[in-house]
Amino acid sequence: MQLSVFARILWAAGFVGHAALLLVLIVKERWRTFPFFTAWIGFSIIRTITLFTVYRYGSADLYALVYWNANVLDLLMQIAVIFEMARIVLKPTGTWVRDARRMFVLLGAAGFFIAAAIAFAVSPTAPTSFNTWIEKGRLFSVMLSLGLFLSTGLAATQLGLVWRNHVMGLATGWAAWAVTDAFVQGAASYLGSDWHGIVLSQIRMVVYMAAIIYWTIIFWLPEPESRTLSPEMQSYLSSLHKHVQLGAQGASSIDKR
């Protein structure tokens with residue numbers, strides 16, 4: 001397998017971009033708020049180095065083994081990053097906002113079954129049944145990641161929660177990349193990897209590189225103090241706080257008697 005000059009440039013640019021983003025996350029101490037995202041970026045650097053080394057000095061079978069195992073770990077870490085975004089958005093005060101957990105779980109479960117249904121329904125153009133299931137698995141992982149991300153956004157919108165700057169920047173870059181990734185993987189699964197597969201893959205890599213650059217800028221900039229809740233949700237929490245205070249005062253009065 002030979003890489004084109006453009007592919008080598010994208011590979012090198014990905015490594016440099018990940019390294020710069022990781023440096024910003026550490027220097028600016030964004031890792032304290034986004035530990036899983038930071039770990040995912042660090043894993044991406046290690047994966048790039050490992051795959052490139054195996055590509056240069058290992059066999060094709062070894063490369064395939066490392067590649068697919070790395071993809072499984074990558075999917076698990078992506079899911080962790082999505083749950084991290086959900087935690088920041090849906091638990092702005094450290095505790096779950098009313099109905100947030102139930103809504104996120106229900107939407108996430110719906111996203112899981114939709115991703116599974118799409119992956120099962122698509123009949124990839126693959127030379128063997130093994131490759132067919134590999135393509136189905138890749139499509140499922142992409143659709144699951146996108147579905148969980150959308151679940152977080154829908155739950156936040158329904159509950160009137162406001163996204164802070166850094167998590168909004170992370171979500172914006174993630175959405176652009178996830179939608180592109182889903183389109184590319186869907187096209188590859190349905191039309192076959194030979195159908196402009198290299199061009200589509202490079203488009204996905206370019207979009208991902210743009211997301212890395214965007215994240216680096218966003219996390220370098222300071223996050224201004226801003227409200228995390230909509231006026232309606234702030235009013236609800238204020239009323240709830242007063243109700244709890246009145247209840248505590250009433251219980252204290254009864255105890256004194």
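**Exercise 1.** Where is the place of L221?

*Solution.* L221 sits in the loop between helix 7 and helix 8 (231-256). Helices here are DSSP runs of H or I with at least four residues, numbered from the N terminus. The model is a predicted one: local features need pLDDT of at least 70, side-chain atom pairs count only at pLDDT 80 or more, and totals for chains, interfaces and linings use all residues. Residues are numbered from 1 along each chain as its sequence is written, and side-chain values use heavy atoms, with hydrogens and water left out.

Next, take the accessibility of L221. Its relative accessibility is 43%, so L221 counts as partly exposed. The classes are buried for under 20% relative accessible area, exposed for over 50%, and partly exposed in between (1.4 Å probe, protein chains only).

**Exercise 2.** Find the residues that make the nonpolar surface patch, and the helices that supply them.

*Solution.* Step one: L23, V27, I213, I217, W220 and L221 make a nonpolar surface patch of about 610 Å². A patch takes residues with over 30% relative accessible area and no salt bridge; nonpolar side chains (Val, Leu, Ile, Met, Phe, Trp, Tyr) are joined within 5 Å, like charges within 9 Å. A salt bridge is a side-chain nitrogen of Lys or Arg within 4 Å of a carboxyl oxygen of Asp or Glu.

Step two: at least two patch residues come from each of helix 1 (5-27) and helix 7 (197-220). Helix 7 gives the most, three residues.

**Exercise 3.** Describe the surroundings of L22 and T48.

*Solution.* L22 belongs to helix 1. Not counting residues up to four places away in sequence, L22 touches T38, I41, G42 and I45, where contact means heavy atoms within 4.5 Å. The C-alpha atoms of L22 and G42 are separated by 6.6 Å, with the two residues 20 apart along the chain.

T48 is in helix 2 (residues 35-57). With 14% relative accessibility, T48 counts as buried. Leaving aside neighbours within four places in sequence, T48 is in contact with W11 and F15.

**Exercise 4.** Which residues have the most contacts inside the largest nonpolar core?

*Solution.* They are F37, W40, M85, L170, W174, W215 and F219, in a core of 41 residues. A nonpolar core is a set of buried Ala, Val, Leu, Ile, Met, Phe, Trp, Tyr and Cys residues joined through side-chain atoms within 4.5 Å. Two or more residues come from each of helix 1, helix 2, helix 3 (60-90), helix 4 (100-121), helix 5 (129-158), helix 6 (165-191) and helix 7. Helix 3 gives the most, nine residues. A second, separate core has five residues, among them L51, V54, Y55 and Y63.

**Exercise 5.** Classify the ring pairs F37 with W40 and Y208 with W215.

*Solution.* Rings of Phe, Tyr and Trp (its six-membered ring) pair if their centres lie within 6.5 Å; planes under 30 degrees apart are stacked, over 60 edge-to-face, and the rest tilted. This rule gives 15 aromatic pairs. For F37 and W40 the centres are 6.1 Å apart and the planes at 45°, so the pair is tilted. F37 and W40 lie three residues apart in helix 2, about one turn of the helix. F37 is buried at 0% relative accessible area, and W40 is buried at 1%.

For Y208 and W215 the centres are 6.4 Å apart and the planes at 80°, so the pair is edge-to-face. Both residues are buried. One aromatic cluster is formed by F34, F37, W40, W174, W177, Y208, W215 and F219.

Terms used:
Areas by Shrake-Rupley, 256 points an atom, 1.4 Å probe, with all protein chains shown as cover.
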